[in-house]
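Please open the model in your viewer and keep the selection tool handy. We will go from stop to stop, picking a few residues each time and looking at what surrounds them.

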Amino acid sequence: MAQRFDGKLYDFSELAIVYSVVRSVTQSSALLALVPEPVWFCLKTQPKREHLAATALRRQFGVECFSPRLRFRRMTQRGPVWFVEAMFPGYLFAKFIYSTQHRTVESSHGISGIVHFGDRLATLPENIVVALQSSVGAEEVVTLDCSVKVGQSVEIIEGPFQGLEVVVTNLLPAKERIRVLFEFLGRPLEIEISTAKVLAA
């Protein structure tokens, strides 16, 4: 039997296992219309609008939202830059009473709609959301570990060896420096360098 998911038609009839999983994390819209309590839903957002859409839902309609983000460092033409991006690009989670609020939520700024499989809407158990919330904290931002480790390949981003990929051989935490190994003129060479001048390759 074909069902729609995220605007596309999928045939789950030959995928009994997938279909059973889909049914366990979704609810029919008819059943949800009878539930008087708020339920956690997975919402599809406009591209790069996850955080703004969650903010709009909170402020305008008092809807509880969960939109975790990742903070990480990436090399750019300007050098290393910190970025913050959605942990689940294109999606956020919102808790509301379906019967009275779904039209308001779906027409809110930045929201494309509730994720659904045919007439079955994507929902999340409360304990799953609580566990996710506790793992990311009140700010809903997880900073990825950017610390270097022995044996890791890193790129030198400053100085005469800029752009060179080297291997970390020793950590010198007291001086915030590391020793790295690379080949120079056909010979292995080890130098000491500041951790601020390298980035994971």
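What percentage of the residues in the protein chain is buried? Of the 201 residues, 32% are buried. Keep in mind as you look around that this is a predicted model.

**The whole chain**

Start with the cartoon view, where the protein chain shows 5 helices and 17 strands. Now switch on the surface: about 12200 Å² is exposed, and carbon and sulfur atoms supply 56% of that area. Among contacts with a separation of 6 or more, 59% are between residues 24 or more positions apart.

**The largest core**

Next, select Phe-41, Leu-43, Leu-57, Leu-92, Ala-94 and Phe-96. These are the residues with the most contacts inside the largest nonpolar core, which has 17 residues. Colour the elements that each supply at least two residues of this core: strand S4 (39-45), helix H3 (50-61), strand S8 (91-96), helix H4 (98-106) and strand S9 (111-114). In soluble globular proteins, nonpolar side chains tend to be buried together.

Centre on Phe-41 and show what it touches beyond four places away in sequence. You will find Leu-92, Phe-93, Ala-94 and Phe-96 among them, as well as Leu-32, Tyr-98 and Ile-114. The run Leu-121, Ala-122, Thr-123 and Leu-124 also touches Phe-41.

There is a second, separate core to visit, with 10 residues. Select Val-166, Val-168, Val-180 and Val-198, which are included in this second core.

**A buried threonine**

Now go to strand S3 (residues 26-28) and pick Thr-26. Is Thr-26 buried or exposed? Thr-26 has 0% relative accessibility, so it counts as buried. Show side chains here and you can draw a polar contact of 2.9 Å from the side chain of Thr-26 to that of Arg-120. Apart from neighbours within four places in sequence, Thr-26 is in contact with Phe-117, Arg-120, Leu-121, Ala-122 and Thr-123. Two of these names, Leu-121 and Ala-122, also came up at the Phe-41 stop.

**The salt bridges**

How many salt bridges are there to find? The count comes to 4. Side chains of opposite charge can pair when their charged atoms come close.

Begin with Glu-140 and Arg-58, whose closest N and O atoms are 3.4 Å apart. Glu-140 is in the loop between helix H5 (126-136) and strand S12 (141-143), while Arg-58 is in helix H3, so trace the 82 residues that separate these distant parts of the chain. Glu-140 is buried because its relative accessible area of 11% is under 20%. Arg-58, at 31%, is partly exposed.

Then select Lys-95 and Glu-126, whose side chains meet in a salt bridge at 3.0 Å, N to O. Lys-95 belongs to strand S8 and Glu-126 to helix H5, so this pair ties together parts 31 residues apart in sequence. Glu-126 is partly exposed, at 39% relative accessibility.

For the last stop, choose Arg-177 and Glu-192, a salt bridge with its closest N and O atoms 3.2 Å apart. Arg-177 sits in strand S15 (residues 177-184) and Glu-192 in strand S16 (residues 187-194), so parts 15 residues apart in sequence are tied together. Arg-177 is partly exposed, with a relative accessible area of 29%, and Glu-192 is partly exposed at 29% too. Add Arg-179 to your selection: salt bridges that share partners join Arg-177, Arg-179 and Glu-192 into one network.

How values were computed. Residues are numbered from 1 along each chain as its sequence is written. This is a predicted model: local features need pLDDT of at least 70, side-chain atom pairs count only at pLDDT 80 or more; totals for chains, interfaces and linings use all residues. Side-chain values use heavy atoms; hydrogens and water are left out. Helices (H or I, at least four residues) and strands (E, at least two) are DSSP runs, numbered from the N terminus. Buried means under 20% relative accessible area, exposed over 50%, partly exposed in between (1.4 Å probe, protein chains only). Contact means heavy atoms within 4.5 Å. Accessible areas come from the Shrake-Rupley method with a 1.4 Å probe; for residues, only the protein chains shown count as cover. A nonpolar core is a set of buried Ala, Val, Leu, Ile, Met, Phe, Trp, Tyr and Cys residues joined through side-chain atoms within 4.5 Å. A polar contact is a pair of N or O atoms within 3.5 Å; within protein, one must be able to donate a hydrogen and the other to accept it, and residues adjacent in sequence count only if both atoms are side-chain atoms.
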